[in-house]
Amino acid sequence: MASLRRIARALKSPKLQSLLHNQSKLGLLYSLSGSNDRRFGDACSFSSHAHREPKKGGIDLSQHPPERIRNFSIIAHVDHGKSTLADRLLELTGTIKRGHGQPQFLDKLQVERERGITVKAQTVTMFHEYRIHGHGPDVCRAHESATFLLNLIDTPGHVDFSYEVSRSLAACQGALLVVDAAQGVQAQTVANFYLAFESNLAIIPVINKIDQPTADPDRVKAQLKSMFDLEPSDCLLTSAKTGQGLEHVLPAVIDRIPPPPGDRSSPLRMLLVDSYYDEYRGVICHVAVVDGMLCKGDKISFAATGHAYEIAEVGIMHPELTPTGVLLTGQVGYIVTGMRSTKDARVGDTLYHTRTTVEPLPGFKPARHMVFSGLYPADGSDFEALNNAIERLTCNDASVSVSKESSAALGMGFRCGFLGLLHMDVFHQRLEQEYEAHVISTVPTVPYIFEYSDGSKIEVQNPALLPSNPKSSIRASWEPTIIATIIIPSMWGLLLLCALTGGGSSWSTLLLTVNGY
């Protein structure tokens, strides 16, 4: 009996408990690294079986090194078939069942379904088995099948939501440039191409809707060659509606898009790509792991604020939130930290392990607001409710600027900056639908700059706030202007249209490409 008591005391000693804990973490790292070193495996052989073997039916991300990961986005003009193409890819990989669920599966907002447009970029992880033909010596032997992890991001197509596109491209190494076979290259096709080009992404042109009677793929190929120098032989001809040609899309993604860079042995660095507020779990952050690895229970810090949080849940979107317990280099997923304040989740921030020193990631360019409007509660007593609603919604839409203001007629309210008129309209609709907020919005305006006779200048976003200065008069005023490149098939009516819309044309800044783009 005395010997049994001594053994029990020894098992409860702090030193032995610490040793067992460290060995257990060592076994977890071994199981994730996939090492073939037998000596290392023998040292970890007594670690928890649950760490070395994933749960039945679970997802083992350690089986997907960076060489077997592809992160790509779908970019296009409005109504060129991005969301339908994303649906077909989800069905091809078995992520969703064919014929089950709603069309445009990744368009989850009510406003997206009512308007038929994509407002919020959505991420989903797919797994696809592909036979390698000798590409990449580290991946597998030639002509051997391998399962690839594909992170797809479906992006908006309207110019007002280009900020969503730029954030999505930061987590990708390639993009599918979808073009309507009948409509051809349009405004956001050009804008999104240059966003991807400036991000140094591999671009795969996809000519969609070839089943339409007015489809002209050869004309679209000539446009892509003339405007973007994309070879006609590289274009994929598809119809997301009928499924024609879709079998070539995923092999092209694997062959043409490079794997994500990064070093698993380096300290953790993650890019905060997106975030949204959940009523029960707080702020959920979408992150892209650039270096290192992240496990549940780790403590991470935000470079912008310095605040530290413990990881309560980590996983991937497959297609809904699926806990995995770990995220490795090159993977895109989500984290739950219990964060309740949306101000700490700054999109573009760098996340890293607490008590480590890392070089912050570049982040994103700040959004440039084009339109300003005042928002006031219909009932003055609902100001705090509107304040909470706007704070939560701006977590989902970081491109909106908000500042408090007051009006003699409407009381306390907010001055909000938007990227455009559609962006403003969608924001108002989401406030009403998602948060049941009844708001009064003022006429949208643009910021003006006034110069007084004494040389002072002031920027005014609200006409009511223009101060009167009896000692000096206004010498000049400026309003925002743009220098635009207009690409049209013919010149008919162009200059008249520019004049009617208040724009002037200067042949030194107006580029016209006539007949053939």
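Axes here are lines fitted to C-alpha atoms, for helices over the stretch in contact, and angles between them run from 0 to 180 degrees between N-to-C directions. Keep that in mind as you work through this predicted model.

**Exercise 1.** Work out how helix 7 and helix 8 are oriented: roughly parallel or roughly antiparallel?

*Solution.* Start with the axes of helix 7 and helix 8, which come within 10 Å and cross at roughly 30 degrees. Angles under 35 degrees count as roughly parallel, so helix 7 is roughly parallel to helix 8. Next, look at the handedness: the crossing of helix 7 past helix 8 is right-handed. Finally, find the residues at the meeting point. Helix 7 brings Ser 162, Val 165 and Leu 169, which meet Asn 192, Leu 195 and Ala 196 of helix 8.

**Exercise 2.** Find which elements and domains build the largest nonpolar core.

*Solution.* First, locate the core: it has 30 residues, and Leu 177, Leu 224 and Phe 228 have the most contacts inside it. Then trace its suppliers. At least two residues each come from helix 7 (162-169), helix 8 (187-198), helix 9 (217-228), strand 4 (174-180), strand 5 (202-208) and strand 7 (269-278). Helix 9 gives the most, with four residues. Now check the domains: domain 1 (66-133 + 144-256) and domain 2 (269-353) each provide at least three residues of this core. Apart from this core lies another, of 29 residues, including Leu 85, Tyr 130, Leu 236 and Ile 254.

**Exercise 3.** List what Phe 228 touches, leaving out residues up to four places away in sequence.

*Solution.* With those neighbours set aside, the partners of Phe 228 are Leu 177, Val 185, Thr 189, Val 190, Phe 193, Tyr 194 and Gln 223.

Technical notes:
Residues numbered from 1 in each chain as written. Predicted model: local features only at pLDDT ≥ 70, side-chain atom pairs only at ≥ 80, totals over all residues. Heavy atoms only, no water. Core = buried A, V, L, I, M, F, W, Y, C linked by side-chain atoms within 4.5 Å. Buried < 20%, exposed > 50% of the residue type's maximum accessible area, 1.4 Å probe, protein only. Domains from an automatic or database assignment. Contact = heavy atoms within 4.5 Å. Parallel < 35°, antiparallel > 145°, perpendicular 65-115°, else oblique. Left-handed = near helix turned anticlockwise from the far one by under 90°.
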